[in-house]
Amino acid sequence: MRDDLTRRVDPADWVDAVRAARDEGFDRFDWLDATDDIGRASTVTVVCQLRDRAARTLRVRTSVSREGGALASLAGIFPGAGWCEREAGEGYAVEFSGGDDRRLLLAPDAPEAPLRKDHPLAARVAVPWPGAADPEEGARARRRMVPPGVPDPAVWGERDPAAGPADPEEVAAGVSGARVRRSRDRSQDRDRSQDRDRGRSRDERGPR
């Protein structure tokens, strides 16, 4: 059974906290990464995971500002952290002072901090969601789509209140990610059905 621990520390205590953890027995560096907290806070959270000889894991977390955030490098404690710091530094624009400051993972003309959540995805800019298979395909030819894992809006989210709540199996069956039924399509079908009924009624009454 895994025994995971987490410690949140101030940026000023980052190196001391990791060194103390190493001295406690968490002497195996596993990984270091970052997450963008935009939407919740104007910070980037940096996480370092360590392991001990009993396979217990310890995650040390800290948060730095999204603008000009900096941390002292852990490379002096765990040399393997240097590579992870370079990845996190280039991806999230966090400076790790005292570490390997070479910027060789991304091309010189690459955008800054491409892993931040507010970084525009080039593919989405070129082809707005829902994307068309053919860029020359006109917007009228596209149908609304949902990505894999998102239920069909006709089943969950935009469901007709008169239909009642969807059961879990119906929701699960609608998460394949594909073209979706459109509410406008359903209303058009309903209008066409009413038109047919009205035409049938006129035929039954016969000519006046």
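**A four-stranded sheet and its helices**

In this predicted model, Phe29 sits opposite Leu50, a residue of β3. Behind that pairing is a set of eight bridges holding β2 and β3 together, with the two strands running antiparallel.

Zooming out, β2 and β3 belong to an open sheet of four strands, ordered β1-β4-β3-β2, with mixed pairing. The edges are taken by β1 (4–8) and β2, each of which pairs on one side only. On average, and ignoring direction, neighbouring strands of the sheet are turned by 20 degrees against each other.

Helices come next. Helix α1, made of residues 14–24, lies across β1, β2, β3 and β4 (57–65), and runs at about 175 degrees to β4. Helix α2 packs on the sheet too, where it touches β2 and β3. The direction of α2 makes about 5 degrees with that of β2.

As for its length, α2 (residues 81–92) checks out: at 1.5 Å a residue, its 12 residues should span 16 Å, and the C-alpha atoms at its ends are indeed 16 Å apart. Burial is the other thing to note about α2. Because 10 of its 12 residues are buried, which here means under 20% relative accessible area, α2 is largely enclosed by the rest of the structure. The buried set is a mixed bag of Ala81, Gly82, Cys84, Glu85, Arg86, Ala88, Gly89, Glu90, Gly91 and Tyr92. Among the elements covering these residues are β2 (28–36), β3 (43–51) and β6 (95–97). Right after α2 comes Ala93, which has a positive phi, near 60 degrees.

Terms used:
Residues numbered from 1 in each chain as written. Predicted model: local features only at pLDDT ≥ 70, side-chain atom pairs only at ≥ 80, totals over all residues. Heavy atoms only, no water. Expected span 1.5 Å × (residues − 1). Buried < 20%, exposed > 50% of the residue type's maximum accessible area, 1.4 Å probe, protein only. Contact = heavy atoms within 4.5 Å. Pairing = 2+ DSSP bridges. Axes fitted to C-alpha atoms, helices over the stretch in contact; angles between N-to-C directions.
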